[in-house]
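Visitor: I'd like to know how the words people use for a protein model are backed up by numbers. Could you walk me through this one?

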Amino acid sequence: MSQCQYCGEHRSNCICMRTISDLAEQFEVPTDTDTGKIAEGIGRRLFKTTESGVTFAYDHRNRTVHIGAYCEGFDGELDGQSLTFPFTLDEFRDVVSEVDRVGCEVWDATHGCEECPESVEYPGYHMISAGCEACKGEGVIL
Ligand SMILES: [Zn+2]
Ligand SMILES: [Zn+2]
């Protein structure tokens, strides 16, 4: 069979991710090591290349990758998303950017200065206000 069962493309055109190694190749992470190290390598890449620094975990038994939202200085739980192999690179990128957006939103909602308004959604935090005179809408690093 020369057709991919997942995307329907001819195998030579298919860019489905079937294994952690397929994914690693897309991120120029070396694959000549164990899956734990490969997953770490992908994680480092994603942490560096996303605005919020998403996290990455791989569950070998369930063939599932988990992309977690991250927001420096924020202690609460943040949602993430999972994908089970096989999936396309586009699907993976969509999940990463969606989770990245969550991390950035939480950052904006929690990194205001003392003069910025208090966050309703995250009690105890201030949300960055673009019009804040004290921090000039820059917020502060917690
Ligand atoms: Zn395919
Ligand atoms: Zn402020």
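Guide: Sure, starting with some vocabulary: helices (H or I, at least four residues) and strands (E, at least two) are DSSP runs, numbered from the N terminus. With those names, V54 sits in the loop between α2 and β2. This is a predicted model, in which local features need pLDDT of at least 70 and side-chain atom pairs count only at pLDDT 80 or more, while totals for chains, interfaces and linings use all residues. Residues are numbered from 1 along each chain as its sequence is written, and chains are lettered from A and ligands numbered from 1 in the order in which they are written.

Visitor: What is the mean pLDDT of the chain?

Guide: pLDDT is the predictor's confidence in each residue, from 0 to 100. The chain has a mean of 94, and 99% of its residues reach 70 or more. Confidence is lowest in strand β1 (residues 16-17), with a mean of 92, and highest in β3, at 98.

Visitor: What makes V54 buried?

Guide: A residue is buried if 20 or more other C-beta atoms lie within 10 Å of its own, exposed if 12 or fewer, and partly exposed in between, with C-beta atoms placed from the backbone. V54 has 26 other C-beta atoms within 10 Å, so V54 is buried. Across the chain, buried residues make up 24% of the 142 residues.

Visitor: And which residues does V54 touch?

Guide: Two residues are in contact if their C-beta atoms, placed from the backbone, lie within 7 Å. Leaving out residues up to four places away in sequence, V54 touches several, including L46, F47, I67, A69, V96 and V99.

Visitor: Which residues touch the most other members of the largest nonpolar core?

Guide: A nonpolar core is a set of buried Ala, Val, Leu, Ile, Met, Phe, Trp, Tyr and Cys residues joined through C-beta atoms within 7 Å. The largest one has 20 residues, and A24, I38, I42, V54, F56 and A69 touch the most other members. At least two residues of this core come from each of α1 (20-26), α2 (35-49), β3 and α3. As for A24, its contacts beyond four places in sequence are V29, T31, I38, G41 and I42.

Visitor: Why are E28 and K136 called exposed?

Guide: Check them against the cut-off you just heard. E28 has 8 C-beta neighbours inside 10 Å, so E28 counts as exposed. K136 has 10 other C-beta atoms within 10 Å, so K136 is exposed too. E28 is in the loop between α1 and α2, while K136 lies in the segment after α3.

Visitor: What is the phi of each?

Guide: Most residues other than glycine have a negative phi, and most peptide bonds are trans. E28, which is not a glycine, has a positive phi of about 55°, and K136, also not a glycine, has one near 60°. Then there's the bond joining F85 and P86: this one is cis, with omega about -5°. P86 is in the loop between β4 and β5 (87-88).

Visitor: How do you know that β3 pairs with β2 and β4?

Guide: Two strands pair if DSSP finds at least two bridges between them. β2 and β3 have five bridges, in the antiparallel sense, and β3 (residues 64-68) and β4 also have five, again antiparallel. The result is an open sheet of three strands in the order β2-β3-β4. β2 (55-59) and β4 (80-84) are its edge strands, each pairing on one side only.

Visitor: Which residues are on the covered face of β3, and which on the uncovered one?

Guide: V65 and I67 are on the covered face, and T64, H66 and G68 are on the uncovered one. In β4, I67 has Q81 as its bridge partner.

Visitor: What makes the chain more spread out than a compact globule?

Guide: The radius of gyration is taken over C-alpha atoms, and the globule rule is 2.2 Å times the number of residues to the power 0.38. For 142 residues the rule gives 14 Å, but the radius of gyration of the chain is 19 Å, well over that, so the chain is more spread out than a compact globule. Along its principal axes, the C-alpha trace spans about 65 × 30 × 25 Å.
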